Amino acid sequence: MHGKFLHDYDSGLNRFSKLAKNDDTSLSGKPHHDEKSILAISIGLLIGSQTAFADTDLTSIEARLAAMEQRLQAAEHRADIAEHRAEAAEQQVKNLAATQQKTQATVVQAQAVAQQTEQRTARLEEKTMPVMALNFMVMHVPVC
């Protein structure tokens, strides 16, 4: 696209410079003294160059938009993946919290059972002390 534009632009400039050097010939080579034709050629060159630049700009804008759309899609895909990972991590945290609560409840229950067992053991020891003392005395009584 740029090559065609540059060629058209250069040939237009050559024609214009030919007109500027030799005022009595037109683009077709015929004698011509009309200043309107010089103006028309200048306008044509300007419009042609703007059209070529517009085509180039439109093409590059479309390419940029396509690239931006691809980057946006890639970013959305990464965001979706991150969102799924965050949801999975959140679920793991909930599961760990529930497990921790169950473990803590089990520890509290085990402590209560241990305390009850300790109290029962103490009561049994209190009940068995007199019997043990009696047995000890019976065993050590001298026989005559």
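A polar contact is a pair of N or O atoms within 3.5 Å; within protein, one of the two must be able to donate a hydrogen and the other to accept it. With that in mind, a good place to enter this predicted model is T106, where a polar atom of the side chain lies 2.8 Å from the backbone oxygen of K102. T106 belongs to helix α2, which covers residues 35-139. The relative accessible area of T106 is 48%, so this residue counts as partly exposed, a class that runs between the 20% limit for buried and the 50% limit for exposed.

Stepping back to the whole chain, the fold is described by two helices and zero strands. Of its 144 residues, 7% count as buried. The accessible surface of the protein chain comes to about 12,600 Å², and 62% of that is supplied by carbon and sulfur atoms. Turning to contacts, among those between residues at least 6 apart in sequence, 42% join residues at least 24 apart.

Charged side chains come next. The structure holds one salt bridge, and the partners are K94 and E90, whose closest N and O atoms are 3.8 Å apart. Both residues sit in helix α2, four residues apart, which is about one turn of the helix. E90 has a relative accessible area of 46%, and it is therefore partly exposed.

Nonpolar side chains also appear on the surface. I61, L65 and M68 form a nonpolar patch there, and together these residues have about 290 Å² of accessible area. M68 is found in helix α2, the helix that also holds T106. With a relative accessible area of 48%, M68 is partly exposed; this value is over the 30% required of residues in a patch, so M68 meets that condition.

Technical notes: Residues are numbered from 1 along each chain as its sequence is written. This is a predicted model: local features need pLDDT of at least 70, side-chain atom pairs count only at pLDDT 80 or more; totals for chains, interfaces and linings use all residues. Side-chain values use heavy atoms; hydrogens and water are left out. Buried means under 20% relative accessible area, exposed over 50%, partly exposed in between (1.4 Å probe, protein chains only). A salt bridge is a side-chain nitrogen of Lys or Arg within 4 Å of a carboxyl oxygen of Asp or Glu. Patches are made of residues with over 30% relative accessible area and no salt bridge: like charges are joined within 9 Å, nonpolar side chains (Val, Leu, Ile, Met, Phe, Trp, Tyr) within 5 Å. Accessible areas come from the Shrake-Rupley method with a 1.4 Å probe; for residues, only the protein chains shown count as cover. Contact means heavy atoms within 4.5 Å.
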